[in-house]
Amino acid sequence: MIDRLKALFRHNDEQAEAGPDVVQLAVASLFVKAAELDGDFGSEERSLIAKLLSGHYGMAEAEAAKLIERASHRVGASVEMYGLTRDIKNALDHGERIDLMEMLWQVAYADGVLHEYEANLMRRLAGLLYVTDQESGEARKRAQSALGLLE
């Protein structure tokens, strides 16, 4: 119980210090969560997440690496998904949330295989982000294509 309270206070402290990048930290946390679900958060996944963050937010690689570290600590503190997705849902419009789903699918497929836990997470995230199954499925195909997994 005490650990949960400490994690909650750490989460609130991170939000307070994060300032305008609360959404960036929430997005990076979802990427890390998706990457860790198969039990292996390898260099391929870490590199892809850095590339996605750099490309989407226009940040330098070093800045993306720091954001990934912050996100890893946040995910390690077992932050629940609802808070992360609520911040994102409130900040992004529908099209941006679909784009986010596509990036999340890329992270889930970074190692070339979709683990059943990753698939389950993606279904939950689609619902929490108010993205339809059809939109998520189309984002999934675009992600697979971008990674060269579809022929």
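In this predicted model, helix α5 spans residues 81-91 and helix α7 spans residues 116-128. Their axes come within 10 Å and cross at roughly 45°. An angle between 35 and 65 degrees is neither roughly parallel nor roughly perpendicular, so α5 is oblique to α7. The crossing of the two helices is right-handed.

Which residues of α5 meet α7? They are Met81, Tyr82, Thr85 and Lys89. On the α7 side, the partners are Leu121, Leu125 and Leu128. By class, the residues of this contact divide into five nonpolar, one polar and one charged. Thr85 is the polar one and Lys89 the charged one. Met81, Tyr82 and the three leucines make up the nonpolar part.

A second helix pair follows. Two packed helices are described by the angle between their axes and the distance between the axes. Helix α6 covers residues 94-108, and α8 covers 133-146. These two helices pack at an angle of about 50°, with their axes 8 Å apart. That angle makes α6 oblique to α8. Here too the handedness can be stated: α6 passes α8 in a right-handed crossing.

From α6, the contact is made by His94, Ile98, Met101, Glu102, Trp105 and Gln106. From α8 come Glu135, Ser136, Ala139, Arg140, Arg142, Ala143 and Ala146. The contact of α6 with α8 holds six nonpolar, three polar and four charged residues. Its charged residues are Glu102 on α6, with Glu135, Arg140 and Arg142 on α8. Its polar residues are His94, Gln106 and Ser136. The nonpolar set includes Trp105 from α6 and Ala139 from α8.

Next, the loop between α7 and α8. Tyr130 has its place there. What is notable about the phi of Tyr130? The value is positive, about 60°, although Tyr130 is not a glycine. Most residues other than glycine have a negative phi. Is Tyr130 buried or exposed? Its relative accessibility is 55%. The cut-off for exposed is over 50%, so Tyr130 counts as exposed.

Past α8, the chain reaches Gly148, which lies in the segment after that helix. Gly148 has 56% relative accessibility and therefore also counts as exposed. How far is the C-alpha atom of Gly148 from that of Gly112? The separation is 9.3 Å. Along the chain, Gly148 and Gly112 are 36 residues apart.

Terms used. Residues numbered from 1 in each chain as written. Predicted model: local features only at pLDDT ≥ 70, side-chain atom pairs only at ≥ 80, totals over all residues. Heavy atoms only, no water. Axes fitted to C-alpha atoms, helices over the stretch in contact; angles between N-to-C directions. Helix = DSSP H or I, 4+ residues; strand = E, 2+ residues; numbered from the N terminus. Parallel < 35°, antiparallel > 145°, perpendicular 65-115°, else oblique. Left-handed = near helix turned anticlockwise from the far one by under 90°. Contact = heavy atoms within 4.5 Å. Buried < 20%, exposed > 50% of the residue type's maximum accessible area, 1.4 Å probe, protein only.
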